[in-house]
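Thanks for sharing this one with me. Here are my notes, set out as numbered points to read alongside the model.

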Amino acid sequence: VMRPKPALLLEDGCSEVHAISEQELGDMGDWSGEGLLLVFLSCGSEVLVRSLMKRCGLRCAVCCSDEVFDSASRLFCRAFYHALSCGHPVAQSHKIAQGAVRNNADPGFRSEADKFVFISAAEDHGLGILPLARARSEPPRLHTWPHWPLWPPIEDYSCQALLQVQTADLFKRRRVLLVHGPAGVGKSAFSREFCRHFSAPGGRLFSTGAFVLSRASVAGESRDAFRDSLAQEMLREIRMRSGSSKECCGQLAGSSWSALCLGLQALDKVGPWLVVVDGLLLRDEVGGEEEQEEEQLLAGALEDLLSSSARLCVMLTARRPPQGRCWNALASAQVVRMQLPPLQPRLAAKLFLQRAKRRLYPHDFDLAAPKHGEAGGSTPLQMGEEPGGLLDRLAASPLLHALGNLPGRVVEEAARVDDGLPSLLQHPALPDSWREAPVLTATSTPGLATGGSGG
């Protein structure tokens with residue numbers, strides 16, 4: 001019987017996963033250096049750690065003996081690194097972090113503490129973050145925490161993980177991406193979740209920084225005025241979110257284009273970074289000459305921005321692709337266009353259930369069924385993954401088809417499902433002709449074929 005060999009899954013800058021075997025892990029470098037500490041909190045990582053000690057001379061490590069909760073690992077890490085930065089030896093820092101997990105108010109955490117194991121080949125419990133000789137002669141030096149900009153998560157966001165990874169991979173080859181789609185398809189949510197994930201520290205694609213600008217806040221009657229307005233908004237956003245270096249923040253003392261250019265150079269020295277311009281076009285329809293001239297001014301300001309930075313990437317969002325040759329390329333960078341698709345039907349149905357204000361009953365899908373409160377109609381339907389269950393029935397319902405599986409519309413209309421709405425088949429978002437049908441079920445919608453994706 002072949003036993004599976006342990007492997008380590010590592011994430012690259014675009015969040016793609018790479019499997020590293022035990023042999024490849026050992027070949028990555030010299031593990032026997034004095035003072036080297038490996039913190040390895042993957043589930044069951046003790047097997048790999050002991051192999052590195054046996055084959056490669058690793059002297060000291062903190063690892064996990066079994067599966068652990070992600071939240072417990074985060075708590076352990078915070079306490080462990082804080083103790084190290086205060087000058088405590090590794091073994092004592094490990095005990096302090098174990099105590100933080102063991103004494104947590106959540107009872108489920110307490111059994112997790114003993115899964116975090118400290119292993120020392122030499123049993124050198126005096127090892128700290130500094131070499132021993134230096135640690136005796138110098139006071140411990142406090143280390144600053146890495147800056148991690150706080151991006152509030154989008155609640156109940158249905159992550160299109162493959163599309164996010166494909167977008168990151170595209171930014172390795174191109175500098176400008178235009179994400180377009182109808183209102184409610186989730187362009188703003190997609191761009192913000194992309195920034196939240198790929199700007200996290202630790203070597204992700206835009207760990208240098210990601211900044212979001214609202215198109216409505218940028219205005220001007222000339223190219224220079226548009227450029228200055230764009231500079232002011234970018235300076236405000238960079239001051240709020242950038243933690244790349246004190247040097248960068250110090251260079252952004254003014255509000256002029258020249259001050260911004262100094263900041264761009266500082267960001268370029270650190271790595272690739274991203275600017276999102278959300279809501280590129282202020283009108284859904286193609287405007288007249290005045291609106292088109294304004295779009296050209298904005299394109300010129302973005303060209304100046306891209307020409308002033310070597311490592312800047314730009315994501316634009318719009319309800320429709322902009323008109324004009326100027327949007328084919330900005331500063332010689334091709335504008336790649338990507339239409340954001342609606343949610344898959346079952347994901348849209350799950351989002352609807354998460355946002356509805358009441359449970360769903362048989363009468364929601366068949367007006368001939370007993371109403372809620374009547375005999376046989378008071379048992380709520382249970383959400384399950386089985387075929388033909390509540391998710392499939394809701395995904396095939398007239399209401400979800402009418403909403404086009406657009407997450408923005410799903411969230412908005414789900415909030416109207418409360419005790420005052422007798423049935424989903426009488427929802428105000430349905431066309432009047434559907435709601436006025438004498439007998440309406442989820443499989444008999446006038447003029448509607450069930451089972452499609454909508455949108």
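How many bridges join strand 6 to strand 9, and do they run parallel or antiparallel?

1. Five bridges join these two strands, strand 6 covering residues 176-180 and strand 9 covering residues 312-318, and the two run parallel. Please keep in mind throughout that this is a predicted model. For one specific pairing to look up, H180 has A318 of strand 9 as its bridge partner.

2. Helix 7, residues 161-171, packs on this sheet. The helix touches strand 6, strand 8 (273-278), strand 9 and strand 11 (333-339). Its direction makes about 135° with that of strand 9.

3. Now for the sheet as a whole: it is open and has six strands, ordered 7-8-9-6-11-10, with mixed pairing. Strand 7 (210-214) and strand 10 (329-330) stand at the edges. Each has a single partner strand, so one side of each is left without a neighbour in the sheet.

4. There is also an open sheet of three strands, in the order 3-4-5, and its pairing is mixed as well. Its edge strands are strand 3 and strand 5 (116-120), each of which pairs on one side only. On average, neighbouring strands here are turned by 15° against each other, direction ignored.

5. Within that sheet, strand 3 and strand 4 (residues 60-64) pair in the parallel sense over three bridges. L38 stands opposite A61 in strand 4. Helix 2 packs on the sheet and touches strand 3, strand 4 and strand 5, with its direction at about 160° to that of strand 4. Helix 4 (residues 90-102) packs on the sheet too, touching strand 4 and strand 5, and its direction makes about 170° with that of strand 5.

6. You may like to zoom in on S45, which sits in the loop between strand 3 (38-40) and helix 2 (46-56). Is S45 buried or exposed? Its relative accessibility is 2%, under the 20% cut-off, so S45 counts as buried. The S45 side chain reaches the backbone nitrogen of C64 at 3.0 Å. Leaving aside neighbours within four places in sequence, S45 is in contact with F40, C63 and C64.

7. How many disulfides does a search of the whole structure find? The count is zero. Two cysteines to look at are C14, buried with a relative accessible area of 2%, and C195, buried with a relative accessible area of 1%.

8. On to the rings: the structure holds nine aromatic pairs. One of them is F80 with Y81, an edge-to-face pair with 5.5 Å centre to centre and 70° between the planes. F80 is buried, at a relative accessible area of 0%, whereas Y81 is partly exposed, at 36%.

9. F211 and W273 also form an edge-to-face pair, with 6.0 Å centre to centre and 70° between the planes. F211 lies in strand 7 and W273 in strand 8, so this pair ties together parts that are 62 residues apart in sequence. F211 is buried, with a relative accessible area of 1%, and W273 counts as buried at 0% relative accessibility.

10. One last group is worth displaying together: ring pairs link F171, F190, F194, F198 and F206 into a cluster.

Definitions and conventions:
Residues are numbered from 1 along each chain as its sequence is written. This is a predicted model: local features need pLDDT of at least 70, side-chain atom pairs count only at pLDDT 80 or more; totals for chains, interfaces and linings use all residues. Side-chain values use heavy atoms; hydrogens and water are left out. Two strands pair if DSSP finds at least two bridges between them. Helices (H or I, at least four residues) and strands (E, at least two) are DSSP runs, numbered from the N terminus. Contact means heavy atoms within 4.5 Å. Axes are lines fitted to C-alpha atoms, for helices over the stretch in contact, and angles run from 0 to 180 degrees between N-to-C directions. Buried means under 20% relative accessible area, exposed over 50%, partly exposed in between (1.4 Å probe, protein chains only). A polar contact is a pair of N or O atoms within 3.5 Å; within protein, one must be able to donate a hydrogen and the other to accept it, and residues adjacent in sequence count only if both atoms are side-chain atoms. A disulfide is a pair of cysteine sulfur atoms within 2.5 Å. Rings of Phe, Tyr and Trp (its six-membered ring) pair if their centres lie within 6.5 Å; planes under 30 degrees apart count as stacked, over 60 as edge-to-face and the rest as tilted.
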